[in-house]
Amino acid sequence: MISRRNVLVSTVAAVTGAAAGLFSPKRLLAATTSGTANGTSGGRHTPVVTPNGSSLPWRWEDGRKTFHLIAEPVVREFAPGLKVNCWGYNGQTPGPTIEAVEGDRVRIYVENRLPEPTSVHWHGVLLPNGMDGVSGLNQRAIHPGETFKYEFTVKQHGTQMYHPHFDEMVQFSMGMMGFLIFHPKKPPRRIDRDFAIFLHEWLIKPGTSVPDPFEMTDFNIFTFNSRVFPGTDPLIARLGDRVRVRVANISMDSHPIHIHGVTFRWTGSDGGPLPETAWIPETSINVPPGTTRDVEFLADAPGDWALHCHKFHHTMNQMGHKLPVMTGVDQSGVGERLNELVPGYMSMGSSGMGDMPDMGLPRNTLLMGSHNGRAEGPFGSIFMGGMFTMLKIRENLRNYEDPGWYDHPAGTVASAVGGAAPVQQPSKPHENHSSMRPVAPTGEFDVVRASACSAPLMGRR
Ligand SMILES: [Cu+2]
């Protein structure tokens, strides 16, 4: 979504991009909003791509690169089937990415259209104390209807953030956050694709549409740029591209972000770039609350690679968490009988959750996983939600539009072996605890089934 405000279009960047034949209309837009920075501030940087988001346009005012940020209520569709009443900036959560170049003099107007005061803190930015945005400490709060002006000169480069420092519990829970990215004056190396993913976690009770700001630990929606799979845009790269992924987090938990198919290097944080001698090879990068992490890699392996949080509840959507464990329990007929007593009762899978039917969800609620036709992959349903997307690497891309599913070379896909499926050796009696075979009801399991009667399965309260 693009701001309604004036956009200063850089014809230089537009013409250069068009001549190179690389840019789709979407990409051209991203290039133009920050393109003039290339010409005026010395460096040549690759514009940041914020999947499911955009960068904030700017204009010159008194020799300053000037942005207009509007704090306001926002309706965000996390994925088809779930619209959430959030707070954000300029119609988005996270707010639009603000890009500037080291050495820029920056002015940022912050207009408050929220029903309560706010302020903006520029996380990790080296600036005068009175511009730091902590209400009460560095400034008075910005009241509804007021506009404040922040100004500073960019003295650093790296991945920073912006967020309120007033009523943080409510304003963070509602989705107020955004990237503030400073490009180096002289980029030390070529970056072809530069992505920015803001992590967040929410409690949105099934059937409701407003995040619960009072929850401290038990969240049920985990987002990349305030979207969940299958609503997350994939990251597209050309074979041989050097890719940077910037990840930011102001949620209550850390999130180990894992990328399949490549080994990356941890190259920077909100404290700035790491010296090359300190780069660490990883395939998962933990992003603690209040930090950003930059990773870089060479896109050297074509395919559709998963990119996700490695906490396994964080790749699922809304669910009740206080459930009896039913794995291995024969529940035949239980759901039907309980439904007579507890309308809407949903029995949990006896052979895992992958076989759960799409049954009777409350309105405005997502399935735990995006199966049952909601996210059909080339080989069937992708049982994922939450913090999940894909890194798509391809040869010969004409642009960075989604190229569709990967066309695997012959003989490179795991497949069933011929003949009957191998028979699993029956477990010895004392190993029954690890068996996945249906277990005949015993006294012990009757107790579990009885406790299921009182469990509110979709909502926890
Ligand atoms: Cu996570």
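Two strands count as paired if DSSP finds at least two bridges between them. The legends below describe a predicted model.

**View 1. Strands β14 and β20, paired in the antiparallel sense.** Three bridges connect β14 to β20, which covers residues 303-309. One residue of β14 in this view is I259, whose bridge partner in β20 is L307.

**View 2. The two faces of strand β14 (residues 255-259).** H255, I257 and I259 make up the covered face of β14. P256 and H258 lie on the uncovered face.

**View 3. Strands β14 and β18, joined by four bridges.** The pairing of β14 with β18 (residues 284-287) is antiparallel. H258, from the uncovered face of β14, stands opposite S284 in β18.

**View 4. The open sheet that holds β14, β18 and β20.** Five strands form this sheet in the order β12-β23-β20-β14-β18, and their pairing is mixed. At the edges are β12 (235-238) and β18, each of which pairs on one side only. From one strand to the next, the twist averages 20°.

**View 5. Strand β5 (residues 105-112) beside strand β2 (residues 64-79).** These two strands run parallel and are joined by seven bridges. The bridge partner of F67 is I108, a residue of β5.

**View 6. Strand β5 beside strand β7 (residues 147-153).** Seven bridges link β5 to β7, and the pairing is antiparallel. R107 has E151 of β7 as its bridge partner. β5 therefore pairs with β2 in the parallel sense and with β7 in the antiparallel sense, given that at least two bridges make a pair.

Key
Residues numbered from 1 in each chain as written. Predicted model: local features only at pLDDT ≥ 70, side-chain atom pairs only at ≥ 80, totals over all residues. Buried ≥ 20, exposed ≤ 12 C-beta atoms within 10 Å, placed from the backbone. Axes fitted to C-alpha atoms, helices over the stretch in contact; angles between N-to-C directions.
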